[in-house]
Amino acid sequence: MAQLSDDCFAFGGQLMSGAAALDLLCRKVVALPDAETVPLGAGLGRFLAAAIVAPRAVPPHDNSAVDGYAVFHADLRPDGETILPIGGRAAAGHPLGRAARRGEAIRIFTGARMPDGPDTVMMQEDCVAADGQVRLRAGIKPGANRRRAGEDVAAGAVVIPVGRRLRAQELGLAASLGLAALTVYRRLRVAILSTGDELGEPGGALPADGIYDANRHTIAALLHGLGCRVTDLGIQPDRPAELHDALAAAAAGHDLVISSGGMSTGEEDHVRAAVEAQGSLHFWRLAIKPGRPVALGQIGRVPFMGLPGNPVAVMVTFLTLARPLILRLAGASDLMPRAYRVRAGFDYRKKPERREYIRARLEADGTGGWIARKFPRDGAGILSSMVDSDGLVVLDEGLTRLENGGEVDFLPFREVLD
Ligand code: AMP
Ligand code: MG
């Protein structure tokens, strides 16, 4: 893992933008995990470490796309029906076994190898068969209903490039090529911890004036969704020495450490000092809302991401900053989610020079478009707002005033919660 840049943009007064922070993360991380071979059935959600090259063509031979009759197009009358004798039968897995002859029709079924000779298949719905003969309609095009060898995949083609995340369709395609094992990157090992003397574990006793730890559970779920192996280091107290030791332990044997809370500048926020004592921070505040107190750094040589404490800010910074970092570290080629243009169903004023993420629900506008309805409460601690939203409206730095009905970028949670 390469050292990250030592420049820290946060100390100069001017806050670094989210885009610049992302650029920094993605540019600086160069080393990838080792590769391993897994059986096809264990490939779901993994990132491909060696391109899949087709060892053979799919389909392997010309075959019929329908149930019907295989004919030489040149045997069909252009101006009316043609009657041909049925000279044989070909089913999937049961080829005709000889070349077809001019002037005969071959009964054929979907997936059956095309006999040598015929170039066209007429579907059975367009034919009438009786007494060993078939009556064929006029007007079919030469080559109709014939699937060509290699039309799906040509032998030798690169069908899935390095860095692609394996979904159902990639696994199916690999199976269609006869591949039983795939080369993927080792799963990223991520250690997570929460900080805060007020936190208690669901199911356990709460400290005085305590609240339950929500963040670790959100973060663990988000990491599992990205295919990571998660080590849960629990809740750490707001005490510098303990935090220091917990972070050191977290870095050992992991590819990434993620904490939440304790990143601000209050007297009870000790994460920043604990990281700097054994590594460095590359930024610790960004010009984004929610999520301003968010840090990227390293503990020794292990990347560290310090997320805020407020649960909504945790999710927003995870999805917009930690996710691309994790994907990059995991070997993915596609880091950035797609935003979609929708209409805002609200007015909004914002400060320039910072990017804001507004929780919103999508509503059909009745003409095929979508309107983003803003969740009524903005607080960074209102986690129920995430449950009741479909995604985030992204308002860029330059914008200061959004009019109801204006076009905005919308980042659906579905785009980033896989
Ligand atoms: P902090 O950044 O540590 O000052 O935390 C900011 C706010 O987030 C405080 O109200 C904390 O109680 C709350 N908070 C911090 N960590 C968690 C957590 N793991 N789960 C739920 N709320 C948290
Ligand atoms: Mg705290």
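Helices here are DSSP runs of H or I, at least four residues long, and strands are runs of E, at least two long; both are numbered from the N terminus. With that in hand, H254 has an address: the loop between α4, residues 240-251, and β17. One caution before I go on: this is a predicted model.

Let me stay with H254. Is H254 buried or exposed? Its relative accessibility is 13%, so H254 counts as buried. The cut-off for buried is under 20%. The side chain of H254 also has a polar partner: the backbone oxygen of A250, at 2.7 Å.

Step on from that loop into β17, which spans residues 256-260. S259 sits in this strand. S259 is buried, because its relative accessibility is 0%. Now look across to V294. S259 and V294 are 35 residues apart along the chain, with 10.0 Å between their C-alpha atoms.

Next, the ligand. Which residues come closest to ligand 1? They are E198, D213, A214, G262 and G309, out of 15 residues that surround it. By class, this shell holds seven polar residues, five nonpolar and three charged.

Now the polar contacts, one at a time. E198 uses its side chain: one of its polar atoms is 2.5 Å from a ligand 1 oxygen. G262 uses its backbone, with an N or O atom 2.8 Å from an oxygen of ligand 1. G309 also brings a backbone N or O atom, at 3.2 Å from a ligand oxygen. How much of ligand 1 does the protein cover? On its own, the ligand has 480 Å² of accessible area, and the protein covers 75% of that.

On to the rings. The count of aromatic pairs comes to one. That pair is F346 with Y348. Their centres are 6.3 Å apart, and the planes stand at 90°. Why call that edge-to-face? Because planes over 60 degrees apart count as edge-to-face. F346 and Y348 are both buried.

There is also a charge over a ring. R272 lies over the face of W284, 3.7 Å from the ring centre.

Another arginine deserves a stop: R165. You will find R165 in the loop between β11, residues 158-160, and α2, residues 168-176. Which backbone oxygens does the side chain of R165 meet? One belongs to G45, 2.7 Å from a polar atom of that side chain. Another belongs to G225, reached at 3.1 Å.

Now the backbone geometry. Most residues other than glycine have a negative phi, and most peptide bonds are trans. Here are some exceptions.

Cis peptide bonds first. V58 and P59 are joined by one, with omega about -10°. P59 lies in the loop between β2, residues 52-53, and β3, residues 63-64. K289 and P290 are joined by a cis bond too, with omega about -5°. P290 falls in the loop between β19, residues 288-289, and β20, residues 295-299.

Then positive phi. D209 is not a glycine, yet its phi is about 55°. D209 belongs to the loop between β14, residues 199-200, and β15, residues 211-212. Is D209 buried or exposed? Exposed, because its relative accessibility is 78%. E353 is not a glycine either, and its phi is positive, near 70°. E353 is placed in the loop between β23, residues 348-349, and β24, residues 355-364. With a relative accessible area of 62%, E353 is exposed.

Next along that loop is R354, which brings me to T400. The C-alpha atoms of R354 and T400 are 9.6 Å apart, with their positions 46 residues apart along the chain. T400 is in the loop between β26, residues 391-395, and β27, residues 401-402. How accessible is T400? Its relative accessible area is 38%, so T400 is partly exposed.

To recap. Ligand 1 has 15 residues around it, with E198 at 2.5 Å from one of its oxygens. R165 reaches the backbone oxygen of G225. P59 and P290 each follow a cis bond, from V58 and from K289. H254, where we started, is buried.

Definitions and conventions: Residues numbered from 1 in each chain as written. Chains lettered and ligands numbered in written order. Predicted model: local features only at pLDDT ≥ 70, side-chain atom pairs only at ≥ 80, totals over all residues. Heavy atoms only, no water. Near = heavy atom within 4 Å. Polar contact = N/O pair within 3.5 Å; in protein donor to acceptor, adjacent residues only side chain to side chain. Areas by Shrake-Rupley, 256 points an atom, 1.4 Å probe, with all protein chains shown as cover. Nonpolar A, V, L, I, M, F, W, Y, C, P; charged D, E, K, R; others polar. Phe/Tyr/Trp six-rings, centres within 6.5 Å; stacked < 30°, edge-to-face > 60°. Buried < 20%, exposed > 50% of the residue type's maximum accessible area, 1.4 Å probe, protein only. Lys NZ or Arg CZ within 6 Å of the ring centre and 35° of its normal.
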